[in-house]
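Me: I would like to go through this structure with you, one topic at a time. Please keep the answers plain.

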Amino acid sequence: MGDLDRGDAPAGAASVQELVARRQSSADRWNLALVQRAEVWDELRMRHLLDSLLADYPIGAILLSSVREPTRELVVQADGSRAESDANAGSWQILDGQQRINAMFSIFTRHGQYGRFLLDMLVERPAPAPAQGRSAKERALPHIRHLRDANDELESRGRFVDLSGWADWVENLDDPRTWQIDEQAIGELLHELDPKFARDVPLEARSTAVRNLDRLIRAWTKRSIPILRAEMDTPLDVLEVFSRINLGGVDVAGADVYFAGVKTFWRDAEARLDQVLDDAPMLRNRLGALRFLSRLASRALGHGDVLPLTVDRLAGKKGELLRAALAEITEPGSDARVRLAAFASWYTAESSLGYVLHQVTAELWDDVLSWAVASPRSDVDWYRASVEALDTYLLGATLFRYRGVMGDAFRRIAFQEPLEAGSDALSFPLDEIVSVVRAKTRLRGPRGRAVGGVESAGDLETLAGRNGWILTALAQRIPYRSHPEDDFDWDHIFPQAQAHRMWVPGQGARRRHHPDRHLINSTGNFWALNSSANRSLQDISGRRKFDLLLSWLRDGEAWRVWEADRWSISAEEIEQFVLVDEKLNGDPVSIDEAMVIFKTTVTARSRRLLDQAVIRFPKLRTMADDPMAPMHDPAPKARDYRDALGLSVGDLTLSTLDHAEARAQLRERARRLGALIGTRLSEQGLRKDQWPWEPSGVGASEMAFAAFELAGGNCVELMIKWDATSGAHFEFKAYPHRRRPNNPHLYAGFASIELLVPWAADDREVVERFLHLVGAVQETYPR
């Protein structure tokens, strides 16, 4: 096998043919390094690997390792099981790449354990379509099929070749790289490979079949897969390298791949995201900015929330619109950018949360900023009217861990409600968010997780205990933007370095940690100190620590220590900490007394900090778990926010939506238009009754209706219809009796006529056109 056998070669390259042959060989094969995990690839990953080979994409290197001393290796048996075996010093094992080699073996031979892989020879390989979700990946591979069981078959089987016979077939022929394939003979050639392939290839498909066979030959024979070799001293070195490869790196999460896709399609992405971060630094990083902007752009277009971020969101017509909307929203001087910068600057300066704004759950900013960006106003009075609700939302959703408990269900509601309120020029909807979330989730998440309450002592202790930094920053009024005199360190009031004094006697002369020693890291033993003071104090404890702080204040060294009213500790609590320090004197009885005082003091201080927060933000209680609290489950909101965000790009006919999205949009707009029309008809004395009709989709279409009975008895309907080809449009019909709304009872001239206004038209324009036709009906058929 040429260079593959040269143990002294640091690197080389292999073809699929060579790797499969070595995998099949019993005498000349690479076994697995002992650290290798089991085979984990499924058929979908294997199909993607085959597609990459056909496209001549790189599939990554194979890494081999050898050890200079005898070691152990894993040998894969004929039935797929694995067994340990002794390995000679210097022999080569696969350290990284077994999944890919196993996939090639499974695809191209009859000996794999994962069924059969079939390639459609009569279609071109589809154009690249980035996909990340499983269903999207499936859709990207229509030309490659998988059959699990031996008796399974496909429709149109004659188009496909079963690749499990490829290795045997090619082995019995001349070097395939020298073949000159004749289009006239392509059917016979592929029939030899797979007897179930139809010999009679249509004339128009022969060139395609030839190209696909050429791709297979190139994938099989081209030495394009790098082989890297690493010689090591001991098996421990092998383990270390394996760990660094598989555990030491950063996982490529879905959002990271999405970001890579955005940058591929949008050249200015990084520069624009950096500008948005200058406008709103609370988004923290480019990925945070991209998440917020992507959600905003998708909702603006009338599409659903894009969470979780996956690269297939960028594909197809919807992906094109999303990318265009992202570019428009982030243009310098856009409505969204101007409002974002104005709000972020004002709120971070005026919020009473101060430094806590750095500590709140990052994604909650998406919800707050969606409200600010969609709001038509950006003046101080408008912001000030919502500042308490904004502060309470960010603080409460963080303290009660809404995002962590309720997950995506909360994230979608909490983004939609503020966006809706902002676009309607309403204040920040704290009560509505909590009410809807409560109705949809009961403040419960998967696997039994639940938002905590505030009624029992246990609930309060838990809430205070896990939010020490936040409660301390609130109590000490640490500002959002630090000035040199506000630079601080988090500090243990009783120093952590002195925790060794908290012990109980063990067996013999041994000492054990006191059961309450863990409280050294509790909220009640926590505060923020000016950085210069903390560095000066180091591990000093007890009376001397507090005396030094007070002396620096008396001596006018304000640069060195904050004023005492910002310490978040009472004079009584100081005396208790001093007493704890004095009693931790090495005597077991005194230590027990000290630990009782310590536990009582830190527990009470934790609770006091929490109580102070609840007093400052009384609506925090409404965000806690309470079965008796009000709930509101509104009708689903399905609309776009293009006008609210000043966005020109859009899906003006809904042609990019799927059926569920279109159905929701149609029903929402039918309800909205029905209410507007009903009001106008009442004002004119024409309305007798009205009713909605929301039928299920019929075939490829979706429909929604708003029907009205007029005072004289005539009936009129607004009909909104949609199909995936032409999108959405409005129709009008009229008839003499509400029980006979269809042909042949429709009025002549008013039988399902086009309203002649586009879907993108303003609601008022649709209403006016509808009322004009109502007038025509009343004039033509007076009753």
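Me: To begin, what covers the buried residues of H14?
Reply: This is a predicted model. In it, the cover over the buried residues of H14 includes helix H11 (286-300), H13, helix H15 (380-384), helix H16 (387-399), H17 and helix H25 (642-645).

Me: How many residues of H14 are buried?
Reply: In H14, 11 of its 11 residues are buried, and the helix is mostly covered. Among them are Leu364, Trp365, Asp366, Asp367 and Ser370.

Me: H13 was on that list of covering helices. At what angle do H13 and H14 pack?
Reply: Helix H13 (residues 335-350) packs against helix H14 (residues 364-374) at about 120°, and the axes are 8 Å apart. H13 is therefore oblique to H14.

Me: Is the crossing of H13 and H14 right-handed or left-handed?
Reply: The crossing of these two helices, H13 and H14, is right-handed.

Me: Which residues meet there, H13 against H14?
Reply: From H13 come Ala336, Arg339, Leu340, Phe343 and Tyr347. They meet Trp365, Val368, Leu369, Trp371, Ala372, Val373 and Ala374 of H14. By class, the contact of H13 with H14 has 11 nonpolar residues, no polar ones and one charged.

Me: Tyrosine 347 is in that contact. How far apart are alanine 571 and tyrosine 347 in space?
Reply: From C-alpha to C-alpha, alanine 571 and tyrosine 347 are 34 Å apart in space, and they are 224 residues apart in sequence. Alanine 571 belongs to helix H23 (residues 571-583).

Me: Is alanine 571 buried or exposed?
Reply: Alanine 571 has a relative accessible area of 59% and is exposed.

Me: Back to the helices around H14. How do the axes of H11 and H17 cross?
Reply: The H11 and H17 axes come within 12 Å and cross at roughly 65°. H11 passes H17 in a right-handed crossing.

Me: And which residues make the contact of H11 and H17?
Reply: H11 contributes Phe292, Arg295, Leu296 and Arg299, while H17 contributes Arg411, Arg412, Phe415, Gln416 and Leu419. The residues of the contact of H11 with H17 are four nonpolar, one polar and four charged.

Me: H17 also meets H18. At what angle do the axes of H17 and H18 cross?
Reply: Helix H17 (residues 402-423) and helix H18 (residues 430-441) cross at roughly 130°, with axes that come within 10 Å. H17 and H18 are therefore oblique to each other. H17 passes H18 in a right-handed crossing.

Me: Which residues of H17 and H18 meet?
Reply: On the H17 side they are Tyr402, Met406, Ala409, Phe410, Ile413, Ala414, Glu417 and Pro418. On the H18 side they are Glu432, Ile433, Val434, Val436, Val437, Lys440 and Thr441. The contact of H17 with H18 has 11 nonpolar, one polar and three charged residues.

Me: Change of topic: how many salt bridges does the structure hold?
Reply: The structure holds 51 salt bridges. One of them joins the side chains of aspartate 194 and arginine 157, at 2.8 Å from N to O.

Me: Why does that pair tie together parts that are apart in sequence?
Reply: Aspartate 194 lies in the loop between helix H6 (186-193) and helix H7 (206-221), and arginine 157 lies in the loop between strand E8 (144-147) and strand E9 (160-162), so the pair ties together parts that are 37 residues apart in sequence. Aspartate 194 and arginine 157 are both buried.

Me: Which residue forms a salt bridge with aspartate 689?
Reply: Arginine 738 does, and the closest N and O atoms are 2.8 Å apart. This pair links distant parts of the chain, 49 residues apart: aspartate 689 is in strand E15 (residues 687-693), and arginine 738 is in the loop between strand E18 (727-735) and strand E19 (753-754).

Me: How accessible are aspartate 689 and arginine 738?
Reply: Aspartate 689 is partly exposed, at a relative accessible area of 26%. Arginine 738 is also partly exposed, at 33%.

Me: One last pair: what do the side chains of aspartate 762 and arginine 764 form?
Reply: Aspartate 762 and arginine 764 meet in a salt bridge of 2.9 Å, N to O. Aspartate 762 is partly exposed at 33% relative accessibility, whereas arginine 764 is exposed at 63%. In addition, Glu668, Arg669, Arg671, Arg672 and Asp763 are joined into one network by salt bridges that share partners.

Note on methods: Residues numbered from 1 in each chain as written. Predicted model: local features only at pLDDT ≥ 70, side-chain atom pairs only at ≥ 80, totals over all residues. Heavy atoms only, no water. Salt bridge = Lys/Arg side-chain N within 4 Å of Asp/Glu carboxyl O. Helix = DSSP H or I, 4+ residues; strand = E, 2+ residues; numbered from the N terminus. Buried < 20%, exposed > 50% of the residue type's maximum accessible area, 1.4 Å probe, protein only. Axes fitted to C-alpha atoms, helices over the stretch in contact; angles between N-to-C directions. Parallel < 35°, antiparallel > 145°, perpendicular 65-115°, else oblique. Left-handed = near helix turned anticlockwise from the far one by under 90°. Contact = heavy atoms within 4.5 Å. Nonpolar A, V, L, I, M, F, W, Y, C, P; charged D, E, K, R; others polar.
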